[in-house]
Amino acid sequence: MFTINIPDMLKERLKCMKANYRNIIQYFTLLILISIVFYALYRGLFYMEFRYIIGITLILLTLEIVKLRLVNKKCRQIVNLQRESYMATLKHDLKVPVLAQIRALELLINGNFGKLKPEQSELLNLTLSSCNYLYNMVSTQINSCKFENKDVILDYATFDLVSVIKDSICEVSYLADGNSTKIIFDNFDKNCFINADENCLKAAITNILTNCIKFAFRASTISVSLEKNGENAELKIKTSGPYINPESIKKLFSKYAVNEEKFNRVGFGLGLYLSKKIITAHRGTLIVESLSEDLNIFGFKIPLNVSGLIGYGIAV
């Protein structure tokens with residue numbers, strides 16, 4: 001059963017915040033007291049007794065600072081435990097059952113349990129698309145938290161990046177069909193071997209493609225190209241879509257940046273944010289261009305041998 005007690009989590013967080021505010025108020029009160037003491041010294045109201053007042057004030061200030069740090073540490077521990085519980089719930093109570101549904105639907109659609117009528121096949125394909133969307137959304141949330149907590153260890157291996165791009169295009173084909181969008185891959189018959197984390201790069205490419213399809217003009221064409229540029233591989237995805245001003249481009253790969261700020265659409269997501277984390281972890285750079293004639297270019301450039309730059313099994 002998928003249950004997350006969000007109100008309790010918020011209550012705990014609010015308690016921590018209130019505790020912090022109380023300590024901050026006390027901290028500033030002590031600072032004011034110190035200022036008064038120094039002012040009194042300047043005015044000559046205290047003589048020999050002043051050193052005792054300063055000593056007591058400094059001791060009290062030190063105790064309050066230590067107390068504030070302990071409270072902050074406890075708050076961080078509470079928040080981390082709640083985050084771990086939340087992510088475990090997402091993974092075991094939502095991601096696993098959805099994956100089981102996807103596999104069952106694929107068996108039904110492939111005719112393993114008998115031939116389907118056209119209307120039945122259409123209905124099952126729609127359901128499969130919804131399940132895939134939910135699965136990708138949960139996976140993105142989990143992976144984003146892993147990168148933030150530095151719990152990700154890149155698994156380097158040599159593979160054909162062209163094959164990974166083909167797989168990503170296949171995964172988002174249902175979105176392209178829904179938007180009547182055609183995807184053309186210029187390097188379909190070529191190879192580009194790279195040493196990197198295959199699963200992470202596939203997630204990054206899939207997320208970028210998904211956003212390109214969502215915000216492309218209906219019945220338009222998306223062109224995907226991959227080139228070797230020296231010691232780097234450069235992926236570019238050209239799409240026809242609304243112009244994106246420079247200020248919006250700066251926010252495009254931010255966490256929880258709403259799509260209204262991105263492309264004048266409603267909603268929010270972590271796909272591009274996760275893609276940025278993955279590309280940065282591979283010592284790469286993102287490519288984002290928006291031209292006035294409604295041509296947008298997304299992609300990235302990464303080294304062909306990432307492990308040779310930062311070593312194997314490095315946590316990021």
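**Reading phi, burial and helix packing**

Mentor: Let's start with alanine 219, which counts as exposed because its relative accessibility is 59%. Keep in mind that we're looking at a predicted model.

Trainee: Where does alanine 219 lie?

Mentor: Look in the loop that links helix 6 (198-214) to strand 4 (221-229), and you'll find alanine 219 there.

Trainee: And what should I look for in its backbone?

Mentor: Check the sign of phi. As a rule, most residues other than glycine have a negative phi. Alanine 219 isn't a glycine, yet its phi is positive, at about 60°.

Trainee: Which residue in the loop between helix 9 and strand 6 (285-291) should I check too?

Mentor: Try arginine 283, which sits in that loop. Its phi is also positive, about 60°, though again the residue is not a glycine. With a relative accessibility of 46%, arginine 283 counts as partly exposed, because exposed would need over 50%. There's also lysine 150, just after helix 3, with a positive phi of about 55°.

Trainee: Is glutamate 234 buried or exposed?

Mentor: Buried, because its relative accessibility is 15% and the cut-off is under 20%. You'll find glutamate 234 in strand 5 (residues 232-240). Leaving out residues up to four places away in sequence, glutamate 234 touches Ser225, Leu226, Glu227, Asn229, Ile287, Phe300 and Lys301.

Trainee: Okay, helices next. How do I describe a packed pair?

Mentor: Two packed helices are described by the angle between their axes and the distance between the axes. Here, take helix 3 (residues 118-148) and helix 9 (residues 271-281): their axes come within 10 Å and cross at roughly 45°. That angle is why helix 3 is called oblique to helix 9. The crossing of helix 3 past helix 9 is left-handed.

Trainee: Which residues make the contact?

Mentor: Helix 3 contributes Thr140, Asn143, Ser144, Phe147 and Glu148, while helix 9 brings Gly271, Tyr273, Leu274, Lys277, Ile278 and Ala281. By type, the contact residues split into 5 nonpolar, 4 polar and 2 charged.

Trainee: What span should helix 3 have?

Mentor: Helix 3 has 31 residues, so at 1.5 Å a residue the expected span is 45 Å. The end C-alpha atoms are 45 Å apart, which agrees.

Trainee: Which residues of helix 3 are buried?

Mentor: Among them are Leu124, Leu128, Cys131, Val138 and Ile142. Thr140, Ser144 and Phe147 are buried as well, and these three also take part in the contact with helix 9.

Note on methods: Residues are numbered from 1 along each chain as its sequence is written. This is a predicted model: local features need pLDDT of at least 70, side-chain atom pairs count only at pLDDT 80 or more; totals for chains, interfaces and linings use all residues. Side-chain values use heavy atoms; hydrogens and water are left out. Axes are lines fitted to C-alpha atoms, for helices over the stretch in contact, and angles run from 0 to 180 degrees between N-to-C directions. Helices (H or I, at least four residues) and strands (E, at least two) are DSSP runs, numbered from the N terminus. Angles under 35 degrees count as roughly parallel, over 145 as roughly antiparallel, 65 to 115 as roughly perpendicular and the rest as oblique. A crossing is left-handed if the near helix is turned anticlockwise from the far one by less than a right angle, and right-handed if clockwise. Contact means heavy atoms within 4.5 Å. Ala, Val, Leu, Ile, Met, Phe, Trp, Tyr, Cys and Pro count as nonpolar, Asp, Glu, Lys and Arg as charged, and the others, Gly among them, as polar. The expected span of a helix is 1.5 Å times one less than its number of residues. Buried means under 20% relative accessible area, exposed over 50%, partly exposed in between (1.4 Å probe, protein chains only).
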